[in-house]
Each structure stands twice: as C-alpha cells, then as structure tokens.
Amino acid sequence: MKETLIITSVFDRLSGGNSNKKPNENKEYTMKDYQEMLKEYKDAEAEILINIATIHFENENIPESIRTLKKAIKIYAEIEDMGKQGLVYDLMGDVNRYNNNDSSAIENYKKAYKFYFKINSDYKNEIKEKINNLEILESAGDSQTSYNYGLPSTTPSEVPTPDVPPSDYSKISKKIEEVIGILNGADTYMSYAKSEEPMEQLENAYEMSNGIGDDSAKSTLLLIIGYVSLEKFKTNDALKYFNASLENFQEIDDKKGEAVSRLLIGTADYINGDMEKVSSNFRKSIKILRDMKDISGETIAMELMNSIYEE
Amino acid sequence: MIPCIESGIPGFDELTRSNDGTGGIPENTATLIYGPAKTGKSIFTNQFTYKGLTNDEPCLYITTDNGYKQFKNTMEEFNWPIEEYIDNNSLYLIDTISDISKGKPSQSESFIQSYINNPTDIMVKIGSGVHYIYKNNPRFRSVIDSATTLLAYNENMLIIRVLKAYLMRVNEAGGTPIIVYTQDTADSIIETMSKSMVDNIIRVDGEKLYIEAMKGIERRSSPYQITDNGIVIK
C-alpha cells in the first residue's frame with residue numbers, strides 16, 4: 001500500500017499537472033530536474049544503507065553488513081558516483097579484514113583502488129598501502145602486487161597439485177557438468193566452454209555479467225571457468241574460482257548456487273587429496289539441497305559423490 | 001548540423017526537419033519509441049530496419065516479442081522481404097524468444113539464438129553482433145523490439161543496466177539504436193529511467209506521433225496512419 005502511494009505520488013509529479021501540489025506549484029520541472037531529484041533520493045538511500053550496514057557490523061552480523069553494503073554499491077553504480085563506490089568497497093574491505101577474510105578484503109580494496117584511481121582521489125595511496133600490507137601478510141615472499149580488476153587472481157598457491165588426473169576423471173567430469181547444469185542459464189554458459197576458445201568466451205561473458213550486475217550469471221560463470229580449469233588439471237586455479245563463486249552465491253543468498261559451489265569445491269579438494277574438506281563440503285551441499293526439497297538436485301549431487309567415492 | 005539517417009517512414013523526415021534542412025533520425029543517437037499496445041511501434045522500427053537494409057546500412061535486430069518466423073512473416077506482410085538480407089548477413093538477428101523445439105532455422109553467421117531470461121547471454125550475443133556488423137559497415141542501425149518483454153521476464157533494474165550497456169555499445173561503434181517499449185507496462189520510475197538513457201523520444205498513441213525529444217529540434221507532432229505499406233505521417 002505504502003509502495004503504491006509512493007509510486008502514485010512520483011507518477012503524479014511526473015505527469016506534471018496536479019491541482020493539489022503546494023510547495024512548488026509554480027515550478028516547472030524539466031527532465032534534468034527529475035533526474036537530479038532521483039539522484040539525490042538514491043544517494044540518500046545509499047547513505048542509509050551504509051548506516052544500517054554499520055549497525056550490523058557493530059552487532060557482529062558480518063554477512064548482513066556485507067549484503068547491505070553491496071546494495072549501497074549498486075545504488076552508487078546506478079548514479080555513477082565513483083568516489084562513493086570506492087568508499088563502500090573500502091568499507092567492505094575493512095569489514096572483511098576484521099572478519100579475517102583477507103582474500104575478500106584484498107579484492108574489495110582492489111575494487112576501491114580502481115574507483116579512487118579513476119577519479120584521482122587522495123585515498124588511492126592509502127588503499128594501495130592496505131592492499132600491499134594484506135598481500136604481504138597473506139603470501140609471504142610474494143611481494144609483487146598486481147591489480148587485476150577482472151576475475152579473481154589465480155596465482156599459484158602452495159597447495160601441491162597432482163600432475164596426473166585421477167584414474168577415472170572423465171566419469172567425474174561428466175557428473176560435474178550435470179551438477180552445474182542444475183543452475184539457471186548454466187547450459188547456455190556451458191556451450192561457451194565447448195567453443196574453440198572457451199576461456200576467452202567465458203571471461204568475456206563474466207565481464208559482461210559483471211558490467212550489467214547479473215550476479216547470478218557471474219557466479220555461475222565463475223563455476224564454469226573453474227570447471228574448465230579443472231579439466232586442464234589446474235586444480236588450485238579451479239578452487240579459487242569455485243570459492244569466489246561460493247562467496248558470490250552466499251552474498252546473493254542463492255542456496256542452490258551455494259550447494260553446487262560446495263560440490264565443486266569438494267571435488268577439487270578430492271583431486272588435491274584433501275579428504276576432510278571433501279566430506280565437509282559435500283555434507284553441507286546435500287543438507288542445503290535437502291532443505292530446499294530439491295530432489296533432482298540431490299540425486300545429481302549424490303551421483304557425483306558416488307562417482308568420487310567409488311573411484 | 002546534425003547528420004540524420006532516413007527513417008523510411010513517409011512524412012517522418014519532413015516532420016523532423018530542422019532549420020539546417022536535415023530530417024530523419026539523428027545518426028549515432030539513441031531513440032526510444034513508446035506508446036500503448038497496437039499503435040504501430042514495431043511497424044515503425046521494422047520500416048526503419050528495412051530502409052536501412054535497402055540503403056546498404058546493416059542492422060542488428062534483437063527480437064524479444066516475435067520469433068524469427070513470425071518476424072519474417074510480419075515483414076513480408078508489409079512487402080519488406082528480409083530473407084536476402086539474412087542470407088547476405090546484412091541483417092544480424094538475435095532471436096531471444098523462439099523455442100528450439102518449434103522448428104526454427106538453425107543458427108547461422110548472422111542468425112543467433114539467445115534466451116529472454118538470460119540477460120548476460122543476450123549481452124554476449126549483442127557484443128558479438130556489434131563487432132560483426134561494425135566490421136562490415138560502421139554505419140549501421142540497431143533495434144530492440146521490445147524492452148517490455150525483457151522487463152517482464154527479468155529484474156527491472158538489471159534490464160535498465162542491460163539497455164544502458166546496449167545503447168553504449170551500439171553508439172560507441174557508430175550505430176543508431178532504437179528501443180521499443182509499451183507504455184505503462186513497467187512502473188513509472190523504470191519508464192523515466194528508460195527515457196533518461198536516450199537522446200530522442202517518440203510517442204505514438206494510435207492517432208498521433210509525438211516527437212517528445214529529439215536532437216536539434218523542438219517538440220512536434222502529427223497524425224499518422226497504419227497502411228498496407230506501413231506507417232505514413234499525414
């Protein structure tokens with residue numbers, strides 16, 4: 001009801017003629033005026049969201065704080081305020097850092113840097129320092145700072161990767177495809193993976209989804225990029241993509257996406273021989289699908305698990 | 001002087017003639033045509049498309065309302081055959097609505113299938129389409145018919161961003177895009193945002209065509225008729 005009233009009042013104002021209007025009855029609004037007003041409302045909405053996020057943070061509700069900050073970023077992106085997009089990414093980085101999620105914090109700070117750099121903000125040096133400090137902490141010895149604003153970076157980690165595939169990887173691979181196929185749009189994106197230059201096509205699609213803010217597609221594409229890496233037995237790269245996808249799905253509260261990400265993380269852990277993580281991720285995934293009463297999804301997940309445990 | 005391209009609609013280029021003598025659709029600008037259902041919006045853009053094709057200006061056409069077959073039949077009803085242009089790749093058609101099982105022709109170099117509920121895939125295909133068509137002729141036209149269906153199938157703000165990205169891509173490549181939208185099918189804020197993204201706004205109501213905004217000219221209007229040969233401005 002309230003929403004209807006708001007829309008009606010906006011519509012009345014847009015229609016230009018309303019005998020009840022009082023404060024600005026002599027003012028003729030131009031399109032530019034309306035755009036300015038809309039921008040101001042959105043700016044105010046984003047500021048409120050930042051305040052809410054701060055309260056969530058103070059209450060130690062980190063996921064909600066991050067989710068709310070994401071909403072604020074979307075609004076600032078809409079009104080094309082690069083400085084404030086940078087500021088919110090900076091805040092998100094601080095929240096993630098407080099939560100000991102250093103890799104996410106680095107990603108946030110890098111995004112903040114991108115915006116600060118574009119507008120030549122004084123904050124850019126400060127944020128660069130934050131990135132450097134965190135990267136030094138995260139990977140001692142790797143002092144080279146690279147700013148990659150696209151896909152999550154896949155610099156080699158110290159986890160050893162087997163250079164030979166499991167004996168029956170092709171069977172697992174088929175099941176992985178079926179698992180990814182549970183997600184909306186996955187079949188279409190999977191067709192990019194079958195093209196002549198799969199990585200190029202998938203990265204292009206990822207950039208596109210990122211550009212238009214299609215979060216669900218972005219997360220699914222990360223899974224498929226990870227899958228292509230897995231096919232090339234770049235297991236650690238694959239894990240990074242799967243983990244980034246898991247994080248995105250959690251942010252948009254997409255349970256099915258979370259379940260599929262966990263299944264793929266479990267599979268990559270299996271290839272890495274990390275059996276403890278395998279069962280933990282598979283258990284969580286099955287629980288999600290069961291809670292969602294997604295019987296066909298659960299069946300496909302069980303088949304993947306069986307193909308792994310039967311190896 | 002603002003260079004214009006021929007609209008293909010009899011009387012329209014005269015209606016939009018500016019003081020410097022040019023008329024038509026300002027080249028390399030973005031246009032929104034909107035109005036209630038069944039008032040000739042699609043006919044307008046089809047006429048615009050066909051005129052471009054006959055003038056050797058290729059067209060990137062994204063159809064969300066009619067599948068390829070229906071689109072082709074509609075064009076033929078007005079005596080605007082498109083088969084030749086599909087065959088010579090000057091009409092690059094992205095069909096987001098035909099179901100594969102309904103016997104649509106197989107994909108070709110310039111006939112591409114996408115999915116109405118997959119904005120990322122649509123944008124990927126638009127990206128390839130712009131690249132393909134630009135390489136053949138940097139002066140090209142583009143149409144999305146219609147934004148209404150995209151909005152109906154997807155989250156509205158996401159589609160606003162898709163439309164913005166689409167207009168940017170086409171404009172950057174030098175093309176002249178038109179978006180079709182059926183009035184009052186999305187909430188008024190979305191409608192206002194759609195209008196704010198374009199340079200030219202044309203409204204049709206079944207009786208009159210209104211130029212609500214256009215680069216280089218003031219507001220104008222004129223009655224129109226839908227004839228067997230398409231829209232004619234009186």
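The legends below accompany close-up views of a predicted model, taking in chain B as a whole, one of its helices, its contact with chain A and a pair of helices in chain A.

**View 1. Overall make-up of chain B in the predicted model.** Chain B contains eight helices and 12 strands, and 47% of its 234 residues count as buried. Among the contacts in chain B whose separation is 6 or more, 67% are accounted for by residues 24 or more positions apart.

**View 2. Helix α2 of chain B, residues 41-54, and its surroundings.** At 1.5 Å a residue, the 14 residues of this helix should span 20 Å, and the end C-alpha atoms are indeed 20 Å apart, so the expected and computed spans agree. Because 12 of the 14 residues of α2(B) are buried, the helix is largely enclosed by the rest of the structure. The buried residues include the aromatic side chains B:F44, B:F48 and B:Y50, and also B:K41 and B:K51, together with B:S42, B:T45, B:N46, B:Q47, B:T49, B:G52 and B:L53. Following α2(B) comes B:D56, which has a positive phi, near 65 degrees.

**View 3. The side of chain B that touches chain A.** Here 17 residues of chain B are in contact with 18 residues of chain A. On the chain B side, the elements giving two or more residues are α5 (119-136), α7 (156-172) and α8 (188-196), and of these α5(B) gives the most, with six residues. Sorted by class, the residues that chain B places on this side comprise eight nonpolar, six polar and three charged.

**View 4. Helices α10 and α12 of chain A where they meet.** The axes of α10(A), residues 215-231, and α12(A), residues 255-271, come within 11 Å and cross at roughly 15 degrees. With angles under 35 degrees counting as roughly parallel, this crossing makes α10(A) roughly parallel to α12(A), and the crossing is left-handed. From α10(A), the residues A:S219, A:L223, A:G226 and A:L230 meet A:G257, A:V260, A:S261, A:L264 and A:A268 of α12(A). By class, this contact has five nonpolar and four polar residues, with no charged residues. As general background to the spacing of such positions, an α-helix has 3.6 residues a turn, so residues three or four places apart point the same way.

Methods: Residues are numbered from 1 along each chain as its sequence is written. Chains are lettered from A and ligands numbered from 1 in the order in which they are written. This is a predicted model: local features need pLDDT of at least 70, side-chain atom pairs count only at pLDDT 80 or more; totals for chains, interfaces and linings use all residues. Helices (H or I, at least four residues) and strands (E, at least two) are DSSP runs, numbered from the N terminus. The expected span of a helix is 1.5 Å times one less than its number of residues. A residue is buried if 20 or more other C-beta atoms lie within 10 Å of its own, exposed if 12 or fewer, and partly exposed in between; C-beta atoms are placed from the backbone. Two residues are in contact if their C-beta atoms, placed from the backbone, lie within 7 Å. Ala, Val, Leu, Ile, Met, Phe, Trp, Tyr, Cys and Pro count as nonpolar, Asp, Glu, Lys and Arg as charged, and the others, Gly among them, as polar. Axes are lines fitted to C-alpha atoms, for helices over the stretch in contact, and angles run from 0 to 180 degrees between N-to-C directions. Angles under 35 degrees count as roughly parallel, over 145 as roughly antiparallel, 65 to 115 as roughly perpendicular and the rest as oblique. A crossing is left-handed if the near helix is turned anticlockwise from the far one by less than a right angle, and right-handed if clockwise.
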